[in-house]
Structure formats: C-alpha cells, structure tokens
Amino acid sequence: FILNPVHRRLKPIHLKSDKAPPESSSAFVLRCFGVFVVGGLVNGKPTSDVSFFDCFDNTWQSLPPMKMPRASASANIIDQKMYVLGGCGDDADSSNWAEVFDLDTETWEFLSVTSPRKMPLSIRQSMLMLQKNEVYAVDEDGQSFSFSPSDNSISNGVADSKPGYRSDWCWIGGF
C-alpha cells in the first residue's frame, strides 16, 4: 500500500512485475525512494534473494544474492554498505554470521565478526544509531547487543526485563 497525501488514505500498489518478496521473515531497509527486501522464507526455506522495490515506478529489481540463505536477519545501511547480520540458522559461526553488500560495486562479502558471546541465530529487532554508526539489536533470546562495522565487533548488552516477543521499537532523539 502507499499513502495518498491528498486523500490521506492508503491505496494498493499495483506492481509492474510478477516478482514478489518472500512470504515472511525478510529484513527490510528503507533507502531514499525504495525498500530493500533481504532474505526471508520461500516455501518454508531461507533464501539468499535480495530485491529492491522502487516506490516511484512500482517495480522490483533483483540484486545479486547473498552468499548465504537467511531468514529473520537484521539489515541496515551504513556508509553506502548494507550490513546483514544473523538469520543463518544452525550454520552460523563467526565467519558467515554477517555479510556486507557494497551498494556501489553491487558485491557481497562475508565479515569475520569478533564476539564475546554465541552468535545469535535470529534477530527480533534492530535499529541503526546514526550518531555512532552502530546497529543495536535484540536476538531470539531477548538479549541485546550492538554491532560496530568499524571493527566488525559485537558488544554484549543486557537481557530484556520483560521477556517475550516484542516488535514495538522506535528510535526517538539521540545520545
């Protein structure tokens, strides 16, 4: 759907392509005039597909696939690079847990991540803190952590004081 600013109502988007995003568990990244859809589940299996939905002309563009299929990952853009964290299931280790997509060259690379903790399999929520160029996230166990692309490291956070699935995060202001 798209918001019609004149009538202040949502109207369906009529796609100019038969390509549709995965059915669930994708990561989404907003970028100027569109949305990246990263990984997700197709027929119940993780996919490495990445696409971009152009909001101006309502079309899908396929991008080079990730090196590893992912579902329930986190994706954020920092300095013309899209960082994708987690979502690789039981196959996760420090060598494949994170990938980076260079928006200029349209190439993927694995990131070797240093972490004092076990790599989270699924990420519930994440947000980018622009002032620090870090991604803050909560994993499937309610543990928070932060990822810094400057040194490819993960810092431990704290456990959620009210466990259970939450999807009500937002970032207001800064520090």
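1. Which two strands form a hairpin with three residues between them, and which residue in the turn has a positive phi? The strands are S14 and S15, and the turn residue is Gly142, whose phi is about 80°. The model under discussion is a predicted one, and the points below should be read accordingly.

2. Confidence comes next. The chain has a mean pLDDT of 78, and 75% of its residues reach 70 or more. Among the elements of the chain, the highest mean pLDDT, 92, belongs to strand S12 (residues 107–111), while strand S13 (residues 123–129) has the lowest, at 69.

3. To return to the hairpin, strand S14 covers residues 134–139 and is mostly covered, with five of its six residues buried. Its partner, strand S15, spans residues 143–148. The two strands run antiparallel and are joined by four bridges. One specific pairing may be located in the structure: Tyr136 has Ser146 in S15 as its bridge partner.

4. An open sheet of four strands deserves separate attention. The strand order is S3-S4-S7-S8, and the pairing is antiparallel. Strand S3 (27–31) and strand S8 (59–63) occupy the edges; each has a single partner strand, so one side of each is left without a neighbour in the sheet. On average, neighbouring strands of this sheet are turned by 25° against each other, direction ignored.

5. Within that sheet, S3 is joined to strand S4 (residues 34–38) by five bridges, and the two strands run antiparallel. As an example for the reader to locate, Leu30 has Val35 in S4 as its bridge partner.

6. Aromatic contacts form the next topic. A pair of aromatic rings is described by the distance of the centres and the angle of the planes. The structure holds five aromatic pairs. In one of them, Phe33 and Phe52 meet edge-to-face, at 5.6 Å centre to centre and with 80° between the planes. This pair links distant parts of the chain: Phe33 lies in the loop between S3 and S4, Phe52 lies in strand S7 (residues 50–54), and the two are 19 residues apart.

7. The two rings of this pair may also be described by their accessibility. Phe33 has a relative accessible area of 36% and is partly exposed. Phe52 counts as buried because its relative accessibility is 7%, which is under the 20% limit for that class. Ring pairs also link Phe33 and Phe52 with Phe36 and Phe56 into a cluster.

8. Another aromatic pair is made by Phe101 and Trp108. Their arrangement is tilted, with 4.8 Å centre to centre and 40° between the planes. Phe101 and Trp108 are both buried.

9. The final point concerns charged side chains. Side chains of opposite charge can pair when their charged atoms come close. The count for this structure comes to one salt bridge. In this salt bridge the side chains of Glu99 and Arg70 meet at 3.0 Å, N to O. Glu99 belongs to strand S11 (residues 98–102), whereas Arg70 is in the loop between S8 and strand S9 (74–78); the pair thus links distant parts of the chain, 29 residues apart. Glu99 is buried, with a relative accessible area of 0%. Arg70 is buried as well, with a relative accessible area of 1%.

Key: Residues are numbered from 1 along each chain as its sequence is written. Side-chain values use heavy atoms; hydrogens and water are left out. Two strands pair if DSSP finds at least two bridges between them. Axes are lines fitted to C-alpha atoms, for helices over the stretch in contact, and angles run from 0 to 180 degrees between N-to-C directions. Rings of Phe, Tyr and Trp (its six-membered ring) pair if their centres lie within 6.5 Å; planes under 30 degrees apart count as stacked, over 60 as edge-to-face and the rest as tilted. Buried means under 20% relative accessible area, exposed over 50%, partly exposed in between (1.4 Å probe, protein chains only). A salt bridge is a side-chain nitrogen of Lys or Arg within 4 Å of a carboxyl oxygen of Asp or Glu. pLDDT is the predictor's confidence in each residue, from 0 to 100.
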